[in-house]
Amino acid sequence: MIDFNAATRTFNLILAGSVYAFQVDGEGRLVHLAWAPRPAGATDDDVIDGRNGFKAADSVASFERQTRRDEFLTFGDVTYHEVSLKASFASLPRDLAAQEALHGPIRDVRLRYASHEVVTDAQPGLAPTHGLPTSDPSPRQTLRVTLRDTVQPFAVTLCYRLTPEHDILERWCELENSGQEAVTVEALNFAVLHLPKGATELTSVYGNWAREFTTQRERLPVGIRVIEQRGLQTGHFANPFFLANWPGQAWEECGPVYFGALAFSGSWRITAEHLASGDVRIHGGYNPFDFRLDLEPGQRHVTPAWVCGVSNAGWGGASRRLHAFTRQRVLPRAPGWSEERPVLYNSWEATYFDLSQAGQVELARKAAAIGVELFCVDDGWFGARRSDLAGLGDWVVSPEVFPGGLNPLIDEVRRLGMRFGIWVEPEMVNPDSDLYRQHPDWVLHFPSRPRTEARAQLILDFGRPEVVAYIYDALDRLISQHAIDFIKWDMNRNVTEPGSTAGQAIWRRHAAAVYAIMDRLRRAHPHLSIESCSGGGARIDLGILTRTDQFWTSDNTDAFDRIRIQEGCSLAYPAMAMEAWVTDVPNHQTGRISPLSLRFDVAMRGALGIGANLNRLSQAELDECAGYIAFYKRIRSVVQQGELYRLQRLEEYGASAVQYVLSDQREAVYSLAVRDHQIDQHRPPAVLKGLNPSATYSALDHRGQEVYRASGFELMTQGMIDDSGKGIGYSRTLHLVQVEK
């Protein structure tokens, strides 16, 4: 609900469990008042009336006068703190030009309230255009507050879209140049989040290729902490979300926690600013590194969204809000696909580039026999792609690999009862390719400068409309000529030499072009499902998830490492979108050996996939795989649609215990995986959450055998008492089902 007090010009944005309030002050500035969980017992009539507005802290000196909590901070009157917008004007309006000699450009923006409206059809920048619905497509209210510059013909509209049931607020801004000259934007955040004083404990994730999503928790010093990625994709090194709380006053299931996540897959930055006054501001938006946005006369620019909220139920409560929002409001619903993601087989680690029609058919038959529902052929099916040295860009089926084309394989896969998928890497080109030989100017480069190759490939210039058109046409032709249900969209290098016909706009233009191609493909082929991949987890964010169904979490499939990677990923992203494979031992990335039970128990925490070479498994091992897959199908709806509780975290116990529970409390899934264990170490039992205390639950293992029976009250107080003290590599997954007493 959006409440506006006309007398005090105060806005209250009322969500299910929180409130966000700001006010137009006496000078027309938009000033933040509060963002907090709603007190117990509060009703929709309980609002901040604005009579007690924001007052800057008194100072004994004249040096600090820039701590006012503006809803949108602009460079000019704010110069030594972070700003939401820095823009410059080449001249003064004509009626003011004669009053003062110009020295420019004029790098000053002063915004004042002009008007506001409430609408139900607002969309942030780079919103999907594929036309597919989400699980919940019902309209939502958006408050649009327009601010105008006091001198220049320039306006900024701040947008606040409410999803009350999930306590989620989406923030973005719209810039409009109504003048006769271009406006140069040098820095632009989608919004600034004002946290209460003292909320200085920050949780984020960092990593690299094959070790993404490492959780780190730190106390913010006075100053600035930057989390960023300078690239064309979201990045391995960090991910664009944060959690924040008062130090020592929040834990997994208790205490107020503020959170935010950017819906953008380009060059981004989150800046946590802790002022000497104690104020905490979190800025999120475009990375200002090598940034420039030229707003031409009459032009508007709409930023992507900054998705944020506050939970009174700890880090777990924050995660569950983001998960539910993503499942119901972000992920698309393709016709013909169920809400749960299918069990996938990917042939990459089984064959690498040694592909053949007969070899893929053999794998497909064994995959179908163990219960796989989607068969995906990975790299090596096209052009001259017999290794990673050639062929990228030539998206035509190789007659050397498939003499009869892809259709005979697709027909067999479909006869076996599976859907068919294929791997592509559309943003890349090998110098050894027909495409590059025909168009060497189509790659990112600076004239007369070296072109750095990584993995023997260069990046196509998606700032060129003709390149984007070529890639769309190639993929559209591939899907039109074959019964392809699924594509795994990969990107296997970071950018160097970002020279483009788009100039510095390439950081935004590239992400927008990827989105546009995906949207066009999904409009033309509504049945198509897409997985986001970039060397594993380098393109995972709420922007890409509006047009993809799942993501490849990491190229690292080692079960021991995946415990940590998936736990960090779960801070922001739901299990149903997190693809997780069971692969061979020794593991292809780490060389480590882990039991098959651990590999399945960890992979079943997300969307289950199989990447093992099925030809190397004995019949007994294939039967065991089939048993686990059948078990996963019984618990899939709980894992993918249930609420997640992280019962025990690696950082505390060396073991990870998680639980998923459906909203009606009739079913739950409990999963334990031990990564580290010292002799004579005894972990406390994992205490379950979210169950019906009066109900009795039967805990069934993957064979369907009851191994435990207890009341919800016992499980939520005493815990799983027989799982403590287990050693490294121990794991189990249990299906908890309500039974009659």
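Begin by selecting Tyr206 and Thr214, the latter in strand 12: these two residues are bridge partners. The model is predicted, so local features need pLDDT of at least 70, side-chain atom pairs count only at pLDDT 80 or more, and totals for chains, interfaces and linings use all residues. Residues are numbered from 1 along each chain as its sequence is written, and side-chain values use heavy atoms, with hydrogens and water left out.

**Strand 11 and its neighbours**

Extend the selection to strand 11 (residues 201-206) and strand 12 (residues 214-219), which run antiparallel and are joined by six bridges. Strands here are DSSP E runs of at least two residues, helices are H or I runs of at least four, and both are numbered from the N terminus. Two strands count as paired if DSSP finds at least two bridges between them. Next, add strand 14 (residues 241-245), which pairs with strand 11 in the antiparallel sense over three bridges. Here Glu201 stands opposite Asn245 of strand 14. Five of the six residues of strand 11 are buried (under 20% relative accessible area with a 1.4 Å probe, protein chains only; exposed is over 50%, and partly exposed lies in between).

**Strands 7, 8 and 9**

Move to strand 8 (residues 154-163), where 10 of the 10 residues are buried, so the strand is largely enclosed by the rest of the structure. In a regular strand the side chains alternate between the two faces of the sheet. Colour one side of strand 8 by selecting Phe154, Val156, Leu158, Tyr160 and Leu162, and the other by selecting Ala155, Thr157, Cys159, Arg161 and Thr163; both faces are covered.

Strand 7 (residues 142-149) pairs antiparallel with strand 8 over seven bridges, and a hairpin of four residues joins the two. Leu147 has Val156 in strand 8 as its bridge partner. On passing to strand 9 (residues 168-177), one finds 10 bridges to strand 8, again antiparallel, with Arg161 opposite Glu170. Between strand 8 and strand 9 the hairpin has four residues, and Asp167 takes a positive phi near 55°.

**Salt bridges**

Which residue meets Arg646 in a salt bridge? Select Glu252: the N to O distance is 2.9 Å. The pair links Arg646 in strand 31 (residues 643-648) to Glu252 in the loop between strand 14 and strand 15 (257-262), 394 residues apart. Both Arg646 and Glu252 are buried. A salt bridge here is a side-chain nitrogen of Lys or Arg within 4 Å of a carboxyl oxygen of Asp or Glu, and the structure holds 51 of them. Widen the view to Arg217, Glu252, Arg646, Arg649, Glu651 and Glu652, which are linked in a network of salt bridges.

Then select Arg547 and Asp519, whose side chains meet in a salt bridge at 3.0 Å, N to O. Arg547 lies in the loop between strand 27 (529-532) and strand 28 (550-552) and Asp519 in helix 8 (residues 506-524), so the pair ties together parts 28 residues apart in sequence. Arg547 is buried at 1% relative accessible area, and Asp519 is buried at 2%.

**The sheet from strand 31 to strand 35**

Return to strand 31 and display the open sheet of six strands in the order 31-32-33-36-34-35, with antiparallel pairing. Its edge strands, strand 31 and strand 35 (706-711), each pair on one side only. Finish at strand 34 (residues 696-700), which five bridges join to the antiparallel strand 35; Ser698 stands opposite Arg709 there.
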